[in-house]
Each structure stands twice: as structure tokens, then as C-alpha cells.
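Thanks for coming, everyone. I'll put the model up and then walk through a few sites.

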Amino acid sequence: MSSSEMREPTFLVLAALADGRKHGYAVISEVSGLSSGRVTLRPGTLYAALDRLRDEGLVRPAGEEIVDGRLRRYYELTDAGAEALATEAARLQSNADQALRRLRLRLGPAAGGGVA
């Protein structure tokens, strides 16, 4: 993965896998929850993203099973994926911290109480 910023759906897919292996539908549900419903992935979009992330070494297949007659494929984060997610989370946090600091300066001490 390059050092450029990561697109939000990619970030959310990696975040969804950060706490353990998941099958595609679980990743779709997690992404929706993590984004408060703002990001909705269709299965075709998710599997294309997972293929790309696998090719980049950020995720790997983690098993398959048949549930109710349907194949369920599982994926998990690699160490490189965890590192890329941590790097992007730190970049986003730094940007957010800078924005909040500037807002506090703009709003002044009396009005800055509502901005963390």
C-alpha cells in the first residue's frame, strides 16, 4: 500500500477485520455500523475490494464453510494490514486533532468548551 491516504471504504473494511476473521456479510454489516450507515457496501464491491486488499497483502483468506447451502468465505487482517490500518488511523487522528485545535482558537476559550 502506498503512503497516500486510504479511501474510507478500504479503511472501514480493514477496521471491520481488525478484531478477527469475518465472512463477507459480517464485513458489510460491520462497515455499515462503523460508519453509522453512511457507507453501504454491495457484495460485488466488497469482494472486489477484498481481492485487491489480498493482492496488496493486507488481508488473507481465513477459511470457508457451507451455511444453509451457501458458501461462506472468511477473511482476516494480515500484520501488514494491521500496520496500514494503524498508520491511517494515526494520520486521521492527527488531522482531526489539528482541526479541533484550530476550532478552539477560532471559538476562543469561552466558546471552546463544546469542542474537544
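Start with a quick one: is Tyr47 buried, partly exposed or exposed? Tyr47 is partly exposed, because its relative accessible area is 28%, and the buried class needs under 20%. Keep in mind that this is a predicted model.

Now the partner. How many aromatic pairs does a search of the whole structure find? One. The rings are those of Tyr47 and Tyr75, with centres 6.3 Å apart and planes at 55°, so the pair counts as tilted. For an edge-to-face label the planes would have to be over 60 degrees apart. The pair links distant parts of the chain. Tyr47 sits in helix α3 and Tyr75 in strand β3, 28 residues apart.

What about the burial of Tyr75? Its relative accessible area is 6%, so Tyr75 is buried. Its contact list, leaving out residues up to four places away in sequence, runs to Leu17, Arg21, Lys22, Tyr47, Leu50, Arg60, Pro61 and Ala62. One long separation to note: the C-alpha atoms of Tyr75 and Leu107 are 45 Å apart, with their positions 32 residues apart along the chain.

Pro61 is on that contact list, so let me go there next. Pro61 belongs to strand β2, residues 59-67. Its relative accessibility is 52%, so Pro61 counts as exposed. The cut-off is over 50%. Not counting residues up to four places away in sequence, Pro61 touches Arg54, Tyr74 and Tyr75. Its C-alpha atom is separated by 9.6 Å from that of His23, 38 residues away along the chain.

Next, the pocket. Which residues line the largest pocket? They are His23, Gly24, Tyr25, Ile28, Pro43, Tyr47, Val67, Asp68, Arg70, Leu71, Arg72 and Arg73. Three elements give two or more residues to this lining: α2 (24-34), α3 (43-55) and β3 (70-77). Strand β3 gives the most, with four residues. The volume is about 280 Å³. By class, the lining has six nonpolar, four charged and two polar residues. Note that Tyr47, from our aromatic pair, is among the lining residues.

Let me pick two more residues from that lining. Ile28 lies in helix α2. Is Ile28 buried or exposed? Buried, because its relative accessibility is 14%. Beyond its neighbours up to four places away in sequence, Ile28 touches Leu41, Arg42, Pro43 and Leu46. The C-alpha atoms of Ile28 and Pro43 are separated by 7.7 Å, and the two residues are 15 apart along the chain. Pro43 lines the largest pocket too.

The other one is Asp68. Asp68 lies in the loop between β2 and β3. Its relative accessibility is 76%, so Asp68 counts as exposed. Look at the backbone here. Most residues other than glycine have a negative phi. Asp68 has a positive phi of about 50°, although it is not a glycine.

Where else do we find a positive phi in a residue other than glycine? At Ser36, with phi near 55°. Ser36 is in the loop between α2 and α3. Ser36 counts as exposed, because its relative accessibility is 70%.

Last stop, helix α1. Seven of its ten residues are buried, so α1 is largely enclosed by the rest of the structure. The buried residues are Thr10, Phe11, Leu12, Val13, Leu14, Ala16 and Leu17. Leu17 we have met already, as a contact of Tyr75.

Thr10 deserves a closer look. Thr10 is in α1, which spans residues 8-17. Thr10 is buried, because its relative accessible area is 9%. Which residues is Thr10 in contact with, leaving aside neighbours within four places in sequence? Arg52 and Leu53. The side chains of Thr10 and Arg52 are joined by a polar contact of 2.8 Å.

To recap. The aromatic pair joins helix α3 to strand β3. Strand β3 gives the most to the lining of the largest pocket. Asp68 and Ser36 carry the positive phi values. Helix α1 is largely enclosed, because seven of its ten residues are buried. Over to you for questions.

Key
Residues are numbered from 1 along each chain as its sequence is written. This is a predicted model: local features need pLDDT of at least 70, side-chain atom pairs count only at pLDDT 80 or more; totals for chains, interfaces and linings use all residues. Side-chain values use heavy atoms; hydrogens and water are left out. Buried means under 20% relative accessible area, exposed over 50%, partly exposed in between (1.4 Å probe, protein chains only). A polar contact is a pair of N or O atoms within 3.5 Å; within protein, one must be able to donate a hydrogen and the other to accept it, and residues adjacent in sequence count only if both atoms are side-chain atoms. Contact means heavy atoms within 4.5 Å. On a 1 Å grid over the protein atoms alone, a cavity is a set of points where a 1.4 Å probe fits but cannot get out, and a pocket is an open set with protein on both sides within 12 Å along at least five of seven lines; lining residues have an atom within 4 Å of a point. Grid points are joined across faces, edges and corners, and a volume is the space filled by probe spheres set on the points. Ala, Val, Leu, Ile, Met, Phe, Trp, Tyr, Cys and Pro count as nonpolar, Asp, Glu, Lys and Arg as charged, and the others, Gly among them, as polar. Rings of Phe, Tyr and Trp (its six-membered ring) pair if their centres lie within 6.5 Å; planes under 30 degrees apart count as stacked, over 60 as edge-to-face and the rest as tilted.
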